Amino acid sequence: MRVLVIGAGVFGAAAAVELRRRGHEVSLIDAGSAPHPDAASTDISKVVRLDYATDLFYTGLMEQAMPRWRQYNERWDRPLFHETGFVVLRSVAMEAGEFEHDSFTTLTARGHELERLDAESLGQRFPAWRADAYCDGYYNPQGGWAESAEVVAALIAEGTEGGVRVQSDSPVASFIEKGSRVCGVQLASGQRYEADCVVVACGAWTCKLLPGLASLLSVVGQPVVHFRPPEPGRFMPPDFVPWAADIAAKGWYGFCDNGQGIVKVAHHGPGVPCDAAGERSVPEAFAARVRDFTHRSLPALVDAPIVAHRLCLYCDSADGDFIIDRDPGREGLVVAAGGSGHGFKFMPILGDLIADVVEGGESLSRFAWRTESNTQRLTDAARCTRESHRVD
Ligand SMILES: Cc1cc2nc3c(=O)[nH]c(=O)nc-3n(C[C@H](O)[C@H](O)[C@H](O)COP(=O)(O)OP(=O)(O)OC[C@H]3O[C@@H](n4cnc5c(N)ncnc54)[C@H](O)[C@@H]3O)c2cc1C
């Protein structure tokens with residue numbers, strides 16, 4: 001089959017590699033350099049974790065993905081997944097019904113060995129934290145972080161080596177259609193490509209090509225800042241690992257030193273409504289909020305210079321679930337988008353999920369095609385899940 005994959009973020013790159021591995025003729029087309037620096041996938045780091053509250057669907061998927069991250073590490077020239085573990089902290093006791101408590105009990109019940117933390121053990125184990133600020137939490141030794149931009153570059157390199165035709169700086173402007181069948185794309189340059197299947201994996205830009213999905217997918221900017229602490233050693237594993245601090249209530253999370261002296265702090269919250277094609281800037285008030293957070297939580301970062309910041313775009317689905325399915329109204333069109341702020345960690349299984357759908361297989365039910373009318377139903381069913389891993 002001739003397959004055009006539009007968008008070389010983690011969804012598109014993983015799909016292209018797997019489709020080629022299965023013997024298809026694959027082109028991977030991106031609007032920018034592939035990897036594109038503005039893509040959600042291409043920040044320096046993403047958290048890779050099993051912790052999904054009571055949501056057994058995502059917990060189960062991550063139980064499949066985690067060993068495959070380790071296998072990827074064996075394949076790559078150097079490990080791009082750093083299994084440092086993941087720390088979840090609370091300034092008040094963990095409570096049933098909240099992300100932290102429910103992740104702890106769900107994972108423990110499934111046989112994962114987690115280490116419960118209190119202020120004393122936090123201070124001993126992870127001394128950069130102000131132990132008096134966090135009285136409860138846990139350490140999960142499974143998980144850590146991935147060098148996300150490097151992972152996408154490695155997938156693109158693997159695809160190229162395997163025979164994927166990668167075309168960068170080539171924005172797709174429209175589809176070539178015959179009746180209700182999509183049979184290719186036209187680039188902004190006017191160049192046309194025909195195919196048996198077109199996979200749209202355009203992240204936050206998806207609705208530019210598919211405005212009919214605008215009732216399901218929305219774009220919000222989420223700020224991240226990069227500190228360069230004068231004493232980077234304090235932020236190295238095992239003394240400091242990727243973390244979530246009151247994530248369910250306040251939205252703070254971050255990373256250890258990335259090996260180049262950068263410590264990233266980010267916020268997972270309502271974000272800033274954005275146009276994917278528009279200007280991006282981190283709200284001015286954010287620097288003060290992040291400084292206030294470090295003052296209360298990570299004193300060694302208080303005076304560290306901020307050397308970079310970025311507004312990264314979530315492509316949020318209304319229910320927080322990805323969409324990986326064929327468009328029932330247009331033969332030959334598959335959508336793989338709606339990462340909803342948590343898609344990167346599934347990299348090792350995304351290629352299979354998307355390739356299965358391209359080949360005519362069933363989508364996983366949570367990733368199936370939705371319309372505005374049935375999204376409300378799913379939203380109600382999934383509300384508990386979404387609220388437990390999102391902060392709105
Ligand atoms: C601040 C932030 C923090 C996050 N943290 C985490 C985390 O810690 N862990 C985690 O698992 N996930 C995290 N995520 C979510 C994760 O990054 C995304 O779910 C995932 O990267 C989305 O990948 P994608 O391939 O769908 O989109 P993208 O990576 O955005 O890629 C889309 C690609 O499509 C291309 N494109 C767009 N339009 C066109 C066109 N017309 N023609 C050709 N190409 C086009 C773009 O150039 C781009 O390269 C985070 C996201 C953000 C924004």
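**Exercise 1. The ligand shell**

How many residues surround the ligand, and which are the closest? Work out, too, which elements supply the shell and what classes of residue line it.

*Solution.* Keep in mind that this is a predicted model.

Step 1: Take a residue as part of the shell if one of its heavy atoms lies within 4 Å of the ligand. That gives 34 residues around the ligand, the closest being Asp30, Ser41, Val47, Cys312 and Lys345.

Step 2: Sort the shell by class. You get 21 nonpolar, 10 polar and 3 charged residues.

Step 3: Map the shell onto the secondary structure. At least two residues each come from helix 1, strand 3 (46-48), strand 14 (217-227) and strand 19 (306-317). Strand 19 gives the most, with 3 residues.

**Exercise 2. Polar contacts of the ligand**

Find polar backbone atoms that sit within 3.5 Å of an N or O atom of the ligand, then say how much of the ligand the protein buries.

*Solution.*

Step 1: Look at the ligand's oxygen atoms. One of them is 2.8 Å from a polar backbone atom of Lys345. An oxygen atom of the ligand is also 3.2 Å from a backbone N or O atom of Val10.

Step 2: Now try nitrogen. A ligand nitrogen atom lies 3.4 Å from a polar backbone atom of Gly341.

Step 3: Check the burial. On its own the ligand would expose 1000 Å², and the protein buries 96% of that.

**Exercise 3. The sheet of 6 strands**

Trace the strand order in the open sheet of 6 strands, and explain why strand 9 and strand 20 each have one side without a neighbour.

*Solution.*

Step 1: Read across the sheet: the order is 9-2-1-13-21-20, and the pairing is mixed.

Step 2: Go to the edges. Strand 9 (165-167) and strand 20 (323-326) each have a single partner strand, so one side of each is left without a neighbour in the sheet. From one strand to the next, the twist averages 15 degrees.

Step 3: See where the mix comes from. Strand 13 (residues 197-200) and strand 21 (residues 333-337) run parallel over 3 bridges, with Val198 opposite Leu333. Strand 20 and strand 21, on the other hand, pair in the antiparallel sense over 4 bridges, and Ile323 has Ala337 as its bridge partner.

Step 4: Follow the chain from strand 20 to strand 21. The two form a hairpin with 6 residues between them, and Gly332 in the turn has a positive phi of about 85 degrees.

Step 5: Add the helix. Helix 1 (residues 10-21) lies across strand 1 (2-6), strand 2 (25-29), strand 20 and strand 21, and runs at about 165 degrees to strand 2.

**Exercise 4. The sheet of 3 strands**

Which strands are the edge strands of the open sheet of 3 strands?

*Solution.*

Step 1: The order is 3-8-4, with antiparallel pairing.

Step 2: Strand 3 and strand 4 (81-82) are the edges, each pairing on one side only.

Step 3: Strand 3 and strand 8 (residues 144-146) share 3 bridges, and Lys46 stands opposite Ala146.

**Exercise 5. Backbone oddities**

Most residues other than glycine have a negative phi, and most peptide bonds are trans. Hunt for exceptions.

*Solution.*

Step 1: Check omega. The bond from Ala34 to Pro35 is cis, with omega near 0 degrees, and Pro35 belongs to the loop between strand 2 and strand 3. Another cis bond links Pro237 to Pro238, with omega near 5 degrees; Pro238 is in the loop between strand 14 and strand 15 (243-245).

Step 2: Check phi. Ala53 has a positive value, near 50 degrees, and is placed in the loop between strand 3 and helix 2 (56-75).

Definitions and conventions: Residues are numbered from 1 along each chain as its sequence is written. This is a predicted model: local features need pLDDT of at least 70, side-chain atom pairs count only at pLDDT 80 or more; totals for chains, interfaces and linings use all residues. Side-chain values use heavy atoms; hydrogens and water are left out. Two strands pair if DSSP finds at least two bridges between them. Axes are lines fitted to C-alpha atoms, for helices over the stretch in contact, and angles run from 0 to 180 degrees between N-to-C directions. Contact means heavy atoms within 4.5 Å. A polar contact is a pair of N or O atoms within 3.5 Å; within protein, one must be able to donate a hydrogen and the other to accept it, and residues adjacent in sequence count only if both atoms are side-chain atoms. Accessible areas come from the Shrake-Rupley method with a 1.4 Å probe; for residues, only the protein chains shown count as cover. Ala, Val, Leu, Ile, Met, Phe, Trp, Tyr, Cys and Pro count as nonpolar, Asp, Glu, Lys and Arg as charged, and the others, Gly among them, as polar.
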